[in-house]
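Welcome! Take a moment to turn the model around on your screen before reading on.

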Amino acid sequence: MGMGQARAELLPKMYGPELVEAFREFKSIWDPQWKMNPGKVVDPYPLDTNLRVGPGYQPRKVETYFQFPEDKGNFALATERCFGVGKCRGLNGDTMCPSFKATREEMHTTRGRAHLLFEMMRGDVLANGWRDEHVKESLDLCLACKGCKSDCPVSVDMATYKAEFLAHYYKGRIRPRQAYAMGLISNWARLASLAPGLANFLSHAPLLGQIAKTMSGISPKREIPAFAPETFKAWFKQRARAAVAGGDLSAVASAKADDPGLRGSAQRAATGVNAAGYSSAVNTRVLLWPDTFNNYFLPKTAKAAVEVLENAGCQVAIPQRVLCCGRPLYDYGMLTKAKRWLEDILKVLGEEIHAGTPVVFVEPSCAAVFRDELLNFFPSREDARRLSQQTFLFDEYLQRIGYHPPRLERRAIVHGHCHRKALMGMQATQQLLDAMGMNAEMLDSGCCGMAGSFGYERDHYDISMKVGEFQLLPRVRNNPRNDLIIADGFSCREQIAQTTDRRALHLAEVLAMALRDGPRGPTQQPPEDEFVQKPARLGWKPVAAIAAILAAVGWLTRRRR
């Protein structure tokens, strides 16, 4: 009957004494010794006994980094959200919960983790608080996909709980080496951009690459993403300088030889020719966010976004200061630094926020920081609220301004980023692809398994692959060579690139493809080859010099022995 213990004492009011007595007689026939689940329907326990949270419940009082405004600023209330429905144990296409789908263990469900955190706050069974190893073990395989925030009936937000727990767990402690290698990727990428060819050589040469992976805690079965020869911001600034020096048409000269579409974009912007038709955003200023991944590793994606936004009539600008949303920091609980970086963003973008300038993102996980974590840190700050409202995904903004996209008569499969599906949905992508005339299938594929830095880590590689092989990767491998694969998340695209022979395109690249190649698209197979980012390479002279140095060091070492 579904009454359980909480309302069983009230059953006589619902069914009457005579029918309840019939229940008693029936149970006595099959359970004469009253051993099977007693106290639930007949002769029930009083409804105020065996309470999970009774009058004597006094959870730990803790100070938190996040403010938890939806739980009255109380982390203990957040851990009480789960009441055991168990939807997180489902094996369907929901994003929640990828680690359970891979392990089938209760401790790796949203429910299991929420219950452990509740017990930690109560302090009876788990007495070690933020340093409890049982909680740490359970949260270790959480991919922080945020799927539970939307798929769970009570919106348990395990990604946030994990970040909060790790911030306290590692307070005053040294974190694992992968936390500093991948959590601080924006710092390392900025350094590597000074000599990207050298950085790629050190991370991909046969012996040096393995050393780099070992030092970074990266699985030897993974490839470290290669740095591009030129960052998106460097390209954009060079392009802007050329435009100022000689008029808009001179921006053509700043486009590289392998970016013909960008030359076409500059020509269209200069002459007023628009292949797809302007939107309502003619001359509207937008701020394109140069995230770490599409700035240093895949700048072609950001370049394509500029091309399309200009085609829509927008005036594209980028932040002049080096800013980072700090997305990788949350995976390792580096919340003090994450909060400080967001405070810097609010300060630097103060004028843009006040002016209402739209901030457009090509990376969903970075947009999610502005839609979610920003408000969790600063729930009462007006500038944080306004910035969150001015944050748009690339296709969300195009839909908002009524952009008329070019046609592209192709089939495609589309994989949505977990953070996007949890916080923003895929409606804008679907509507834009429909307007392009594409035959696009939205995959019910859950999480890709890479989940930011999770899939790169040595101890998480196997789980990452199990999650990816659940649905996404087999579909990619079986996709016809002439069909497109669309995925906006950097980690999703890396998972596909490193485990299949295909590469996924960002929607901005698909739109740029239609602008460049027309309704039928490119003729080569696979069609994404036009957008494959070429890595920066080191010339033969530096390579020879490095090899000579290594040989000399080896010779001296052997001689000393």
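This report walks through two sheets, two helix pairs and some of the empty spaces. Please keep in mind that the model is predicted.

## A sheet of four strands

Let us begin with the strands β2, β1, β3 and β4, which line up in that order as an open sheet with parallel pairing. Which strands stand at the edges? They are β2 (315–317) and β4 (391–393); each has a single partner strand, so one side of each is left without a neighbour in the sheet. The sheet is also twisted: ignoring direction, neighbouring strands are turned by 35° against each other on average.

Strand β1 (residues 285–288) and strand β3 (residues 359–361) run parallel and are joined by two bridges. If you would like to find a bridge for yourself, look for Leu 288, whose bridge partner in β3 is Val 360. A helix packs on this sheet as well: α21 touches β3 and β4, and its direction makes about 155° with that of β4.

## A sheet of three strands

Now move further along the chain. Here three strands form an open sheet, again with parallel pairing, in the order β6-β5-β7. Its edge strands, β6 (439–442) and β7 (484–487), each pair on one side only. From one strand to the next, the twist averages 25°.

How many bridges link β5 and β7? Strand β5 (residues 411–415) pairs with β7 over four bridges, in the parallel sense. Val 414 is a handy place to look, since its bridge partner in β7 is Ile 486. Helix α25 (residues 427–436) packs on the sheet and touches β5, β6 and β7. The direction of α25 makes about 165° with that of β6.

## Two pairs of helices

Two packed helices are described by the angle between their axes and the distance between the axes. With that in mind, try the pair made of helix α11 (residues 196–204) and helix α12 (residues 206–216). Their axes come within 4 Å and cross at roughly 85°, which makes α11 roughly perpendicular to α12. On the α11 side, the contact is made by Phe 201, Leu 202, Ser 203 and His 204. On the α12 side, Pro 206, Leu 208, Gly 209 and Ala 212 take part. Sorted by class, this contact has five nonpolar, three polar and no charged residues.

The other pair brings back α21. The axes of helix α19 (residues 335–348) and helix α21 (residues 364–377) come within 11 Å and cross at roughly 105°. Are these two helices roughly parallel or roughly perpendicular? Angles of 65 to 115 degrees count as roughly perpendicular, and α19 and α21 are therefore roughly perpendicular to each other. From α19, the contact involves Leu 335, Ala 338, Lys 339, Leu 342, Ile 345 and Leu 346. From α21, Val 369, Phe 370, Leu 374 and Phe 377 meet them. The residues of this contact divide into nine nonpolar, no polar and one charged.

## Pockets and cavities

Finally, let us look at the spaces between the atoms. The model has five cavities of 30 Å³ or more. The table gives approximate volumes for three spaces.

| Space | Volume |
|---|---|
| Second largest pocket | about 450 Å³ |
| Largest cavity | about 90 Å³ |
| Second largest cavity | about 70 Å³ |

The second largest pocket is lined by 23 residues, and the closest to its centre are Leu 298, Glu 494, Ala 497, Arg 503 and Gln 533. Two elements give two or more residues to this lining: α17 (299–311) and α28 (490–499). Which element gives the most? That is α28, with four residues. The lining of this pocket has eleven nonpolar, four polar and eight charged residues.

For the largest cavity, 13 residues form the lining, and Cys 82, Val 85, Gly 86, Cys 152 and Pro 153 lie nearest its centre. Eight residues of this lining are nonpolar, three are polar and two are charged.

The second largest cavity has 14 lining residues, with Cys 97, Thr 110, Cys 142, Cys 145 and Cys 148 the closest to its centre. Helices α4 (98–103), α5 (110–122) and α8 (158–169) each supply at least two residues of the lining. By class, the lining of the second largest cavity has ten nonpolar, two polar and two charged residues.

Key: Residues numbered from 1 in each chain as written. Predicted model: local features only at pLDDT ≥ 70, side-chain atom pairs only at ≥ 80, totals over all residues. Heavy atoms only, no water. Pairing = 2+ DSSP bridges. Axes fitted to C-alpha atoms, helices over the stretch in contact; angles between N-to-C directions. Contact = heavy atoms within 4.5 Å. Parallel < 35°, antiparallel > 145°, perpendicular 65-115°, else oblique. Nonpolar A, V, L, I, M, F, W, Y, C, P; charged D, E, K, R; others polar. 1 Å grid on protein atoms, 1.4 Å probe; cavity = no way out; pocket = protein on both sides within 12 Å on 5 of 7 lines; lining within 4 Å. Points joined across faces, edges and corners; volume = space filled by probe spheres on them.
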